[in-house]
Amino acid sequence: PFWLGDMDLQRLWISHTNIGGDLPGDIFQNLTSLTLLKLRHNQFTGGLPPQMQSISGLDILGIEYNNMEIGNIPDWIGQNLTGLSKLYLGGSGVTGTIPQSLSGIEGLSHIRLQDNPGLTGQIPGWVWDLDLQAFDISYTGIDVGGVFPPQIQNHPRLQKLGLAGLGINGEIPAWLGDMLFQRTDGPRDWHPYISLADNNLSGPIPTNMGSFLTLDSLNLANNNLTGDISMFANLGSPAMGAYLLGAFDVSGNPGLTGEIPSNMMNFYRMRVFHFHDTGLCMPDGFDTFLEQVLENGGRSALTNRMMPFASVTDPATMPFCEGVSVDGDHNLNPYIFKLNNNYPNPFNPTTNITYQIPADAIVTLTVYNVLGQRVATLVSERQAPGQYTVQFDASRLASGQYIYRLQAGDRTMTRSMTLIK
């Protein structure tokens, strides 16, 4: 609407709507107080109106996944929007090459140009002079010469890396695992990711890649990787109960073998877990874990809110590891290792937690706050195989998110719940 241009807005974010049409330049010409402009997953068409260059104080420009055809990146972005720190133009019909004019934006730290197959050329040298925190050129026509850009290792503050679909050959460099990909407390910097899918990467996964403690998403799908994935047992888990990994994809790597680490069943924020077309096998209870991922719908590591989708490999198409009991054995022991969602959830002040254990074991059921501090121990005793229900009374706790963790022997499983007073 035209009246939007009369407002003294500092942040404008329009996302996942059916609003469409070309972007009206006369409106954006008047929004000179904007510091953030994000238009994502809408129905907008056309290109970037040149009147946008009047928003000289813009810090974040994100135009992604509409129906736009931006064409060449306008020179006026680099000439007039020199205060930009984040430039996001993913899936926006960008063509040509990364222009030299962007080199004038000295504070540019986030560049995301993914899903623009018409974007070609090479990575300009000035890009490596920036203090990069996000760099994604996945599924573009940019030529990296078939090699993993070694300059990446010189950017220790990098949080988000996308090099998918670029025809990269050879092994994943060992130095990648030495980088932090560190989640920060800054606004909207809470989802570190690495996407190396759809390349020609080969050889074993570097062991030190299991040290990414705050990673939200790792995508290694459709390469020629070999060996096991035991290094990922604690991926995205910086402290007890604080499992942040939300998406994991190693599908399409037939050379990957061995058992999926059972500890990965602790990743209660998981929304995507793909491992089909590999030689990996499932530990006991992993089929139940995948069913719970679909049931929960996945959760955002940023806000713990429910995500709009979840996707997992169908466990019926993948084998259990040797020695793991299958459904036919359940007649002898009907119980599995399982931690149910608490009910009700959200709750005030009490809720019930139900779990199963398949064998006699020392069992603990503990509740933590989001800082990893223990606030209650509900069970701490030896129990026989069976199903148990425990009531949790949070009368003396503040509203918020809490994490409950079941341990029986060396098996653990974690879930979250919400207290609303």
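Here are some questions and answers about this predicted model.

Q: How many cavities of 30 Å³ or more does a search of the whole structure find, and what is the volume of the largest cavity?
A: Searching the whole structure for cavities of 30 Å³ or more turns up 1. As for space inside, the largest cavity has a volume of about 80 Å³.

Q: Which helix gives the most residues to the lining of the largest cavity?
A: Let's look at the walls: the lining includes Phe 289, Gln 292, Val 293 and Asn 296, along with Met 413, Thr 414 and Arg 415. Two elements give two or more residues to this lining, helix H3 (286–296) and strand E28 (411–419). With 4 residues, the top contributor is H3.

Q: How do the lining residues of the largest cavity divide into nonpolar, polar and charged?
A: Met 265, Phe 267, Tyr 268 and Met 270 are among the residues around this cavity. Sorting the whole lining by type gives 7 nonpolar, 3 polar and 1 charged.

Q: In the salt bridge between Asp 284 and Arg 411, which residue is buried?
A: Asp 284 and Arg 411 form a salt bridge, with their closest N and O atoms 4.0 Å apart. Asp 284 sits in the loop between strand E20 (279–281) and H3, while Arg 411 is in strand E28, so the pair ties together parts that are 127 residues apart in sequence. Asp 284 has 26% relative accessibility, so Asp 284 counts as partly exposed. Buried means under 20%, and the residue with a relative accessible area of 18% is Arg 411.

Q: How many residues apart in the chain are Arg 157 and Asp 131?
A: Side chains of opposite charge can pair when their charged atoms come close. Here Arg 157 forms a salt bridge with Asp 131, and the closest N and O atoms are 2.6 Å apart. Arg 157 is in the loop between strand E10 (134–136) and strand E11 (160–162), and Asp 131 is in the loop between strand E9 (110–112) and E10, which puts them 26 residues apart.

Q: Is Arg 382 buried or exposed?
A: Arg 382, in strand E25 (residues 374–383), meets Asp 360 in a salt bridge. Its partner Asp 360 is partly exposed, at a relative accessible area of 45%. Exposed means over 50%, and Arg 382 has a relative accessible area of 52%, so Arg 382 is exposed.

Q: Which prolines follow a cis peptide bond in the loop between E22 and E23?
A: Most peptide bonds are trans. The bond from Tyr 343 to Pro 344 is cis, with omega near 0°, and another cis bond joins Asn 345 and Pro 346. Both prolines lie in the loop between E22 and E23, so the names we want, going by the cis bonds, are Pro 344 and Pro 346.

Q: What is the phi of Asn 222 near?
A: Most residues other than glycine have a negative phi. Asn 222, in the loop between strand E15 (217–219) and strand E16 (224–227), goes the other way with a positive phi, near 60°.

Q: Which residues make the nonpolar surface patch of about 380 Å²?
A: One member lies in the segment before strand E1 (11–15), namely Phe 2. Phe 2 is exposed, with a relative accessible area of 68%. Together, the patch is made by Phe 2, Trp 3 and Met 7.

Technical notes:
Residues numbered from 1 in each chain as written. Predicted model: local features only at pLDDT ≥ 70, side-chain atom pairs only at ≥ 80, totals over all residues. Heavy atoms only, no water. Patch = residues over 30% accessible without salt bridge, like charges linked within 9 Å, V, L, I, M, F, W, Y side chains within 5 Å. Areas by Shrake-Rupley, 256 points an atom, 1.4 Å probe, with all protein chains shown as cover. Salt bridge = Lys/Arg side-chain N within 4 Å of Asp/Glu carboxyl O. Buried < 20%, exposed > 50% of the residue type's maximum accessible area, 1.4 Å probe, protein only. 1 Å grid on protein atoms, 1.4 Å probe; cavity = no way out; pocket = protein on both sides within 12 Å on 5 of 7 lines; lining within 4 Å. Points joined across faces, edges and corners; volume = space filled by probe spheres on them. Nonpolar A, V, L, I, M, F, W, Y, C, P; charged D, E, K, R; others polar.
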